[in-house]
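Okay, thanks for squeezing me in. Let me put the structure up, and then I'll walk you through the sheets, the helices and how the two chains go together.

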There are 2 protein chains.
Amino acid sequence: MGGDHGPPVTVSAVAKVIQSHPHVKFLLFGQSQELHFWLKQLRLSEHPRISVIASHDDVAMDDKPAVALKNKRQSSMRLALESVRDGRANACVSAGNTGALMALGRMILRMLPGIDRPAIISSIPTLQKKPVYMLDLGANVDCDAKRLQQFAIMGNELCRLLENLDRPRVALLNVGEEDIKGSEELRSAHALLQQQPAIFYQGFIEADQIFSGEVDVVVTDGFTGNNVLKASEGLSRYLAEKIRAAFMRNLWTRLCGLLARPVIRAFKAEINPEKYNGASLIGLRGVVIKSHGSANIEAMRFAILEAIEQSNLTVPELIGRRLAQLDDERI
Amino acid sequence: MGGDHGPPVTVSAVAKVIQSHPHVKFLLFGQSQELHFWLKQLRLSEHPRISVIASHDDVAMDDKPAVALKNKRQSSMRLALESVRDGRANACVSAGNTGALMALGRMILRMLPGIDRPAIISSIPTLQKKPVYMLDLGANVDCDAKRLQQFAIMGNELCRLLENLDRPRVALLNVGEEDIKGSEELRSAHALLQQQPAIFYQGFIEADQIFSGEVDVVVTDGFTGNNVLKASEGLSRYLAEKIRAAFMRNLWTRLCGLLARPVIRAFKAEINPEKYNGASLIGLRGVVIKSHGSANIEAMRFAILEAIEQSNLTVPELIGRRLAQLDDERI
């Protein structure tokens, strides 16, 4: 039910994946009537691999997490997370309220051993072939050194699994590359990571290096990560609008635009922001993928594919195993 | 002497401004021989409005501020700042080491009353006609509520003067618009600004709104501001490279690129990153403009023009007066 568009987008994305992935089953949680309406529109009523589970409440996009926890005991979000906890589903995808998804995820699925709170991680395109994984993108405003270290370990593991990399290059985001830069917490995290043999630690990087592909995992606190991500969205919109305006200025520029359209389209396909939809709530005992609220059908499809891949790879189990292993080594 | 290129860029930019601004005089601080060489190249030897002041030391780009303060007592940076302190110059422009410029600026020019530390402020283009002013862009990693309030007051004043706005819309950068979002310090700053009648305070904004032009001044701590700024630089480079690659793919796309070149050029002129070169070290008792280290001649020219405008408007004096006034009102 979540996101700016709700079922028209989510159900349409399900319709695509149900065709391309013959072994995937869907449980759709939400208002039964609305979901059935959209399934009917897409000729998917009574599809053997789609079940609708009626919820009698929904978490609104502006509900405080506490409200979602205490007052909405039958929300679609809660029921979906419970289905993962109970083994009826392998992964949960939501375009809904991020704060509520985190709080409910934490309560229902619980955290992996040694992890305090989930972090939000997503891949971001770079100038190299492989994307970079960045966390935390907004789950934790305050992060001490220990938490940043946990993020590094989890991000490292996720990147290893999803990109099939042996030793991802992990870096801490800072305002300079020298040891003396940044807050005390950041410098402590730097010291911790330098002593962490499980991680191929590269030291500090600055934010302009995120997109260059020099490293595979960028670790930062949720406040900075969220601001960097949102500023990038804002800048992309600004540049897209300015280039559109440049091509719309007069008849000649419009003609140029028409001719250049296939090139612009190839460019868009290449940077394809939809492909990067679907952030993971990492650190939970289960796969939870958060889609951007404004996701269109294609973007939602990518979020679902991300959930399938992560549950196929049993990402939470493997991260948990690695954490236990590191813990043993310490003892 | 500062920046990635040094005198070839700085002296060439001076050559342009000396022609366009017949009342402006330049003092060039640096290695005498090198400066005279470039002046000669540009046929500016013995120009009546250009003086070379020989320095016997330079602050390196990677010198720690403490080194610049203690060991380099005859550096070009220091001599330039002293010329502002002593009234021999109205403004100082540097493309050198930011940390050293701040530390030396603080020591030599001193702070305006009530201000602890300088902040770095720059204008950033938006989808609206007017730019947005953002601070702090990296001078202060840790900022308490009081300091964020000082930034808001100084940013408000600078924007009022430079954009000729009566009541700039001032906002605090946060990861959400609700009162409960963000760190304790940020929420305290929010409360302080809500009670500040001198400021037309708009509350929290998120980073994607920076470029939309919804507000005129964005206040944040130096760590976040620096990361947002550098991420924007990195993303711009990424997108520029991707669009270039799209046009270079084959003969047909190259032809499209050739045809679209005037449009792309108009787009570049419109977003013109050079125009936004020249950040101010606000809060000092004197105009100090920091150019990007990688500035080209055109970008350096804009930094110099910024210095001229701010000294014509007597920005530090007016900000100081406003601070004193607010202080009186409080009593």
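Let me start with something to look for on the screen: how many bridges join strand S9 of chain A to strand S10 of chain A, and do they run parallel or antiparallel? There are 2 bridges between S9(A), residues 279-282, and S10(A), residues 287-290, and the two strands run antiparallel. If you want a pair to click on, Ala279(A) has Lys290(A) as its bridge partner in S10(A). And before I go on, please keep in mind that this is a predicted model.

Right, zooming out to the sheet in chain A. This is an open sheet of 8 strands, and reading across you get S3-S10-S9-S4-S5-S8-S6-S7. The pairing is mixed. On the edges sit S3(A), residues 91-94, and S7(A), residues 200-205, each of which pairs on one side only. From one strand to its neighbour you have an average turn of 25°, ignoring direction.

Now, a helix on that sheet. Helix H7 of chain A, residues 184-194, packs there and touches S6(A), residues 169-173, as well as S7(A). The direction of H7(A) makes about 160° with that of S7(A).

Let's hop over to chain B. Here too there's an open sheet of 8 strands with mixed pairing, in the order S3-S10-S9-S4-S5-S8-S6-S7. S3(B), at 91-94, and S7(B), at 200-205, are the edge strands, pairing on one side only. The twist averages 25° from strand to strand.

I picked the S7 edge to show you in this chain. S6(B), residues 169-173, is joined to S7(B) by 4 bridges, and these strands run parallel. One pairing to find there is Leu173(B), whose bridge partner in S7(B) is Ile205(B).

And what lies across S3, S4, S9 and S10 of chain B? That's helix H5(B), residues 98-108, and it runs at about 175° to S10(B).

Okay, away from the sheets and on to a helix pair. In chain B, H1, residues 7-20, packs with H2, residues 32-41, at an angle of about 50°, and their axes are 10 Å apart. So H1(B) is oblique to H2(B). The crossing is right-handed. On the H1(B) side you've got Pro7(B), Pro8(B) and Val11(B), and they meet Glu34(B), Leu35(B), Trp38(B) and Leu39(B) in H2(B). Sorted by class, that contact has 6 nonpolar residues, no polar ones and 1 charged.

Chain A has its own H1 and H2 pair, at residues 7-20 and 32-41, packing at about 50° with the axes 10 Å apart. That angle makes H1(A) oblique to H2(A), and the crossing is right-handed. Pro7(A), Pro8(A) and Val11(A) come from H1(A), while Glu34(A), Leu35(A), Trp38(A) and Leu39(A) come from H2(A). The split for this contact is 6 nonpolar, no polar and 1 charged.

Last bit: how do the chains relate? A turn of 180° with a shift of 0.0 Å along the axis lays chain B on chain A, with an RMSD of 0.0 Å. The two copies are therefore related as by a two-fold rotation axis. Both copies use the same surface, too: 100% of chain B's contact residues recur in chain A.

That's my tour, thanks everyone.

Notes:
Residues are numbered from 1 along each chain as its sequence is written. Chains are lettered from A and ligands numbered from 1 in the order in which they are written. This is a predicted model: local features need pLDDT of at least 70, side-chain atom pairs count only at pLDDT 80 or more; totals for chains, interfaces and linings use all residues. Side-chain values use heavy atoms; hydrogens and water are left out. Axes are lines fitted to C-alpha atoms, for helices over the stretch in contact, and angles run from 0 to 180 degrees between N-to-C directions. Angles under 35 degrees count as roughly parallel, over 145 as roughly antiparallel, 65 to 115 as roughly perpendicular and the rest as oblique. A crossing is left-handed if the near helix is turned anticlockwise from the far one by less than a right angle, and right-handed if clockwise. Contact means heavy atoms within 4.5 Å. Ala, Val, Leu, Ile, Met, Phe, Trp, Tyr, Cys and Pro count as nonpolar, Asp, Glu, Lys and Arg as charged, and the others, Gly among them, as polar. Two strands pair if DSSP finds at least two bridges between them. Copies are superposed by least squares on the C-alpha atoms of residues with pLDDT of at least 70 in both.
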